Amino acid sequence: MSELVAGRPSRLRVEGLRCPHGLTLRSPRFSWWLPAGTTNQVAYRLQVGEWDSGRVESASSVLVEATGLHLQSLQDLSWRVRVWTDLGPSDWSAPERFSTGLLTLTEWVSTWIGPREATPLPPGGHRPAYWLKGEFDLGVAVRRATLLATAHGLYEAFVNGARVGDQELTPGSTAYAHRTQVQSFDVTSMLHAGRNDLSALLSDGWYRSVSPHMKIADGYGARTAFLAQLHIELEDGTGTVFGTGPGWVFTPSSITAVELTRGQHQDQRITSSDWQPALCADLGHGTLVGPVAPPVRQVEELPAVAVRRLPNGAQVVDVGQNVNGWVRLRDAGPAGSRVSLVHGEALDADGDVTIEHLHFAHLDGVAQTDSIVSAGNDEPYEPRHTTKGFRYVSITGHPRDLAPADLTAKVVHSDLERTGDFACSNADLNRLHEISDWSFRGNACDVPTDCPTRERAGWTGDWQLFMPTAAFLYDVAGFNAKWLYDLAAQQLPSGGIPTIVPDRHESLRGEYPFEAEFFATAAGWADAAAHVPWQHWLHYEDHRLLDQLYPTMLRWVELQERIAREERHSSRTGDRQPHEAFLLDTRFQFGEWLEPDETDDTIHSLMRLEADMGVVATGYFFRSAQQVAAAAAVLGHDADARRLAGLAEQVRRAWQIEYLAPDGTIAPGTQANYARALSFDLVPGALRAEVAANLVAIIRKAGTHVGTGFLTTPMLLPVLADNGHVEVAYELLLQRTEPSWMTMLDRGATTVWERWDGLDEQGVPSDSLNHYSKGAVISFLHTHVAGIRLLPGFPAYRRFLVQPQPGGGLTWARARLDTPYGPIESAWRQQDGRLHLSVTVAPGTTAEVRLPDGAQAELPPGTHSLVSDLP
Ligand code: BGC
């Protein structure tokens, strides 16, 4: 997290990224924080390389367009900014750097190359990684050299045998047919006059890995390939370009089989010598794009905390935390030792690692398993072409008794900047915050995923519900934008949205048209197309992204409109009522998904097409129509805005006619349906109190236990608090018996479970133990306990609400958030029966404070103390 700096702007960002390399935008935007102690900006002056904006009268400091700046390819630029504020002119900021990649695709002159693989290909998971290598001579020393590289597959690049950069799992996971990311590295110091070589270790990566539910490999294509271009400026003033193409050679590597989640198998004794000419492939350069998101890195190392030898000989290592990444094993023993490492989240009754609950059956029994044949050279083992979710590793075949110091977990995910934190007087809530944070980290490896084990897939439903929570914890602007560009690119022609983005099955849509459409209209999942871009706008005030995503958002709502108008649920008989034209009650739906009483049977019956899920789907139809109407208004599409707002009204009316009774009961009367109704504002004002009371009655009937599944868990506590039942919200949050969040803590969870009963009383696991969805409850800690909230109409916290709602026996709480404008904070403690609140307001923003005793205040930038009576 950052601090404001006195006297000059700080926290400089280009396209929201810190010192990005290889941007391929011609007109990137610039952001900064105002100097400490200032209230507002009246003008700024930007210098980017030689370019100077001059003084520009403007209050804007977030994603500022640099009109007139013309970037060129392969520039390495320094930039700085100064501002005029209420305190007068500031000093220049400290300079920051960024660089550009190739801005026109015709500048790509190198050719994709790949290994010549056996035909037919061995099945997924049984294919080696290959070395690819090219050599070149340089007459004189190098002044500057930039390597641009990418792959269909996963590559690590090496210059003269040394690994390039610290990015992992490159080029990352994208919808490759539309967007293949290029990484840019400064390799100046790695080259020398004379003979040099550039090489890459290439494996299947996301590109050819086995997909979760179609259970097929090669979703994006059957051939791996590597593309690189090295731009070199020499000391004598000349320049040269060396890239992949004819003359390159390949050979199988010591990684004899590897798949992204299955694991990596290496025979350290194999030395690569049989080099053959590589295959050149005409794959073109049309899909190449520069970085949008922060790269994946090894962000943390966790030393093992315990090693236990079992009677069966296995040594089980505990790293103390469920993480995403891989391990580093100090050595693999004497030459010829065959060491195997099985990674998992849970232990079985014998204390060994189990992965049975993760349903890896489709991976022919092998998953999250590495193996190594030792060359006896004390080389550490670190499998960087695979990534897994694990806390425990079961190691067999290592002849030595291992100690914790022999093994380290490498935590690998997108290198996101921390922006938010929370703490309070209740240690359990702090721990819940921590394990939810870890669950997000475990599922933030380039793509927001459901779990880092079984599926490792960018399920739209999961991300739409967690994204606002993530946006508090970390700066997810780039991470989210990258995902949204893939979502937009892969939208179906019908307007439907693949349930998983990036969608590895896109190329199969022609062959399986029914399957492609089947999941593409599931409420709460496909609605990510409206909700996530809208949330992005609210959190980051990114006008350009909203504009780019708007056609996608609109097409989704227009599809909902068409389905509602044209289709009718098979159980409906008699004349069609007018409101039915706005009911969305057909097509496949997941529904709320994984409510506590769901069994495998009920899940399977839910998955039948005949289930009437109109109460859920019509609710989402309303929210999406409303959000797209709001986006249209922001973007100045006034006719759309009016039409969609009218549509939303008709959908709300239809929902009320169908599902809401005059006494405020909702059918079916689940906690989820009540919470959604209140949260989405489906209920008329006059009935809100009754509806909320009915929700409380159901919760009480359940012994004050949570009854929601995936979709509405983040909504449940806020709607209770917002409708006069804050104590019920706290009781649910602190409930110790199953189902509850505290049960997870009491059973030792280090990440949030997919199911409420992820580990049963005996410690038997079911399904994934690292799913962030139920962890979205921690947004209640931010928005209601500490009380920091976005206000509609004021993106990026330009004007925000501070409304702490103390309860649950808490004596103090605080949350801090680094917003695009600067840090804001709400910190309260109870003393002498009163609430003492401290609020920090960032420069350029305003806080609206609502105190528990009903008093209100509007606060300018600075730190303020307030006192309130407690009701
Ligand atoms: C995944 C989810 C996903 C769901 C769809 C599960 O298998 O893990 O998180 O959203 O399927 O219902």
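Trainee: Which residue stands opposite Val64 in S6?

Mentor: Phe30 does. Keep in mind as we go that this is a predicted model.

Trainee: How do you know that S2 and S6 count as paired strands?

Mentor: Pairing asks for at least two bridges between the strands. S2 and S6 have two bridges, in the antiparallel sense, so the requirement is met.

Trainee: What makes S1 and S6 the edge strands there?

Mentor: The open sheet has three strands in the order S1-S2-S6, with antiparallel pairing. Strand S1 (10-14) and strand S6 (64-65) each pair on one side only.

Trainee: Staying in that part of the chain, why is Pro35 called buried?

Mentor: Buried means under 20% relative accessible area. Pro35 has 3%, so the label fits. Pro35 is placed in the loop between strand S2 (29-33) and strand S3 (41-48).

Trainee: What is Pro35 in contact with, leaving aside its neighbours within four places in sequence?

Mentor: Val5, Gly7, Arg8, Pro9, Val83, Thr85, Ser90 and Pro843. Contact here takes heavy atoms within 4.5 Å. As for Trp534, it is 499 residues from Pro35 in sequence, and the two C-alpha atoms are 30 Å apart in space.

Trainee: Next, strand S13. What makes you say that S13 is largely enclosed?

Mentor: Six of the six residues of strand S13 (residues 154-159) are buried, so the rest of the structure largely encloses it. Look at both faces: Leu154, Glu156 and Phe158 are buried on one side, and Tyr155, Ala157 and Val159 are buried on the other.

Trainee: Which strands does S13 pair with, and over how many bridges?

Mentor: One is strand S17 (residues 194-203), antiparallel over six bridges, where Glu156 stands opposite Leu201. Another is strand S14 (residues 162-163), also antiparallel, with two bridges. There Val159 has Ala162 as its bridge partner.

Trainee: What is notable about phi in the hairpin of S13 and S14?

Mentor: The hairpin has two residues between the strands, and Asn160 takes a positive phi near 50°.

Trainee: How do you know which strands are at the edges of the five-stranded sheet?

Mentor: The order in this open sheet is S35-S40-S41-S42-S45, with antiparallel pairing. Strand S35 (420-424) and strand S45 (862-869) each have a single partner strand, so one side of each has no neighbour in the sheet. On average, neighbouring strands here are turned by 10° against each other, direction ignored.

Trainee: How many bridges hold the pairs in that sheet?

Mentor: Strand S40 (residues 812-819) and strand S41 (residues 822-831) pair over eight bridges, antiparallel, with Ala813 opposite Trp828. S41 and S42 pair in the antiparallel sense over seven, and Gln831 has Arg834 as its bridge partner in S42. Strand S42 (residues 834-841) is joined to S45 by eight bridges, again antiparallel; His836 has Val867 as its partner in S45. Pairing needs at least two bridges, so these pairs qualify.

Trainee: What links those strands along the chain?

Mentor: A hairpin joins S40 to S41 through two residues. S41 and S42 also form a hairpin with two residues between them, and Asp832 in that turn has a positive phi of about 50°.

Trainee: How do you know that the length of helix H3 agrees with what is expected?

Mentor: Helix H3 (residues 460-473) has 14 residues, which should span 20 Å at 1.5 Å a residue. Its end C-alpha atoms are 19 Å apart, so the two agree.

Trainee: Where is the kink in H3?

Mentor: At Met467, shortly before the proline Pro468, with a bend of about 50°.

Trainee: Why is H3 called largely enclosed?

Mentor: Because 13 of its 14 residues are buried.

Trainee: What about the domains: how many residues of domain 2 are in contact with domain 3?

Mentor: 26 residues of domain 2 are in contact with 28 residues of domain 3. The domain assignment puts domain 2 at 105-289 and domain 3 at 298-410. Their centres, taken over C-alpha atoms, are separated by 28 Å.

Trainee: Where is Pro334, and what does it touch?

Mentor: Pro334 lies in the loop between strand S28 (315-329) and strand S29 (338-344). Not counting residues up to four places away in sequence, Pro334 touches Ser374, Gly376 and Pro399.

Conventions
Residues numbered from 1 in each chain as written. Predicted model: local features only at pLDDT ≥ 70, side-chain atom pairs only at ≥ 80, totals over all residues. Heavy atoms only, no water. Helix = DSSP H or I, 4+ residues; strand = E, 2+ residues; numbered from the N terminus. Axes fitted to C-alpha atoms, helices over the stretch in contact; angles between N-to-C directions. Expected span 1.5 Å × (residues − 1). Bend = angle between axes of the 7 residues up to and from the residue. Buried < 20%, exposed > 50% of the residue type's maximum accessible area, 1.4 Å probe, protein only. Domains from an automatic or database assignment.
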